[in-house]
Amino acid sequence: MGIDFKPETLLAAQDIRIAFFDIDGVLTDGGVYFTEHGETLKRFSILDGYGLKLLRTAGITPAVITGRDSKPLRVRLQALGIDHVRYGTEDKLPAAEAMLTQLGLDWSQAAAIGDDWPDLPVLARVAFAAAPANAHAEVRAIARHVTAARGGEGAAREFCDLLLTAGGHYRRLLDQARGFTE
């Protein structure tokens, strides 16, 4: 397998049932592009998107809490089949708590990846916190895992692969993708 995570990292992430994702700086590179008409454009990584789909397949709920809202963002998350989303939420902790309650889960079953100060309250509460390589220093300081990849460039996929590996799903899903069946 081409993925190698520290055993203690995998142990810390093995019971995760929900993973919270920030958008800007995690699923995107953090840049915001504006058209001449004032529309917002963002670039999303296909690798990251497929990682979120793999989480769902493995029974780990991907959830998004973002301070922004836009039609392109909604279209992207809908295409990925992400059902648990809170848009335009600056105070992310209550949104995460509401999702946990809705799903009958608790903080010990939750992981999160974020890149900046608004993500800190959620990152501090989850059982497993991660940050992209280019996250703010305060976020990297509390993360149990800092990805090798930058936000919008595979950081979310690395986080997904870590959770899939820790939960014992990675090999099975990879074998299915290769067409191997038992």
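Biologist: Before we get to the fold, how far apart are the mean positions of the positive and negative charges?

Modeller: In this predicted model, the mean position of the 20 positive charges and that of the 24 negative charges lie 4 Å apart.

Biologist: And the fold itself, how many helices and strands are there?

Modeller: There are 9 helices and 8 strands in the protein. Its radius of gyration is 16 Å, close to the 16 Å that the globule rule gives for 182 residues, so the protein is as compact as a globular protein of that length. The C-alpha trace spans about 55 × 35 × 30 Å along the principal axes.

Biologist: What share of the residues is buried?

Modeller: Of the 182 residues, 49% are buried. The accessible surface amounts to about 9,100 Å², and carbon and sulfur atoms account for 49% of that surface.

Biologist: What about contacts between residues far apart in the chain, how much do they contribute?

Modeller: If you take the contacts with a separation of 6 or more, 55% of them are between residues 24 or more positions apart.

Biologist: Let's go to H8, then. How many of its residues are buried?

Modeller: In H8, 12 of the 12 residues are buried, so the helix is largely enclosed by the rest of the structure. Charged side chains are on that list as well, including Arg-157, Glu-158 and Asp-161, alongside residues such as Phe-159, Leu-162 and Leu-164. From its first C-alpha to its last, H8 reaches 17 Å, close to the 16 Å expected at 1.5 Å a residue.

Biologist: What comes after it, anything with a positive phi?

Modeller: Gly-168 follows H8, and its phi is positive, near 80 degrees.

Biologist: Pick one residue inside H8, say Leu-163. What does it touch?

Modeller: Leu-163 has a relative accessible area of 1%, which is under the 20% limit, so this residue counts as buried. Not counting residues up to four places away in sequence, Leu-163 touches Ala-13, Ile-16, Ala-19, Leu-55, Ile-60 and Ala-111. Its C-alpha atom is separated by 11 Å from that of Gly-59, a residue 104 positions away along the chain.

Biologist: Ala-13 is on that list, so where is it found?

Modeller: Ala-13 sits in the loop between helix H1 (7–12) and E1, and it is buried, with a relative accessible area of 1%. Beyond its neighbours within four places in sequence, Ala-13 is in contact with Phe-128, Leu-162, Leu-163 and Ala-166. Ala-13 and Phe-128 are 115 residues apart in sequence, yet their C-alpha atoms are 6.0 Å apart in space.

Biologist: Leu-55 was there too, and that one is in H3. Which elements do the buried residues of H3 pack against?

Modeller: They pack against strand E1 (18–21), helix H2 (23–27), strand E4 (61–65), helix H4 (71–79), helix H8 (155–166) and helix H9 (170–178). The buried residues of H3 are Asp-48, Gly-49, Gly-51, Leu-52, Leu-54, Leu-55 and Ala-58.

Biologist: And the length of H3, what should it span?

Modeller: Helix H3 covers residues 46–58, and at 1.5 Å a residue its 13 residues should span 18 Å; the end C-alpha atoms are 19 Å apart, which agrees.

Biologist: Changing topic to H5, is Glu-97 buried or partly exposed?

Modeller: Glu-97, which is found in helix H5, counts as partly exposed at 33% relative accessibility. Setting aside residues up to four places away in sequence, Glu-97 touches Trp-107 and Arg-125. Leu-10 is 87 residues from Glu-97 along the chain, and the C-alpha atoms of the two are separated by 24 Å.

Biologist: Leu-93 is in that helix as well, so what is it in contact with?

Modeller: Leaving out neighbours within four places in sequence, Leu-93 is in contact with Trp-107, Pro-121, Val-122 and Arg-125. Trp-107 and Arg-125 are thus touched by Glu-97 and are also in contact with Leu-93. Leu-93 and Asp-119 are 26 residues apart in sequence, with a C-alpha to C-alpha distance of 8.4 Å.

Conventions
Residues numbered from 1 in each chain as written. Predicted model: local features only at pLDDT ≥ 70, side-chain atom pairs only at ≥ 80, totals over all residues. Heavy atoms only, no water. Helix = DSSP H or I, 4+ residues; strand = E, 2+ residues; numbered from the N terminus. Rg over C-alpha atoms; globule rule 2.2 N^0.38 Å. Buried < 20%, exposed > 50% of the residue type's maximum accessible area, 1.4 Å probe, protein only. Contact = heavy atoms within 4.5 Å. Areas by Shrake-Rupley, 256 points an atom, 1.4 Å probe, with all protein chains shown as cover. Lys, Arg positive; Asp, Glu negative; His and termini not counted. Charge placed at Lys NZ, Arg CZ, Asp CG, Glu CD. Expected span 1.5 Å × (residues − 1).
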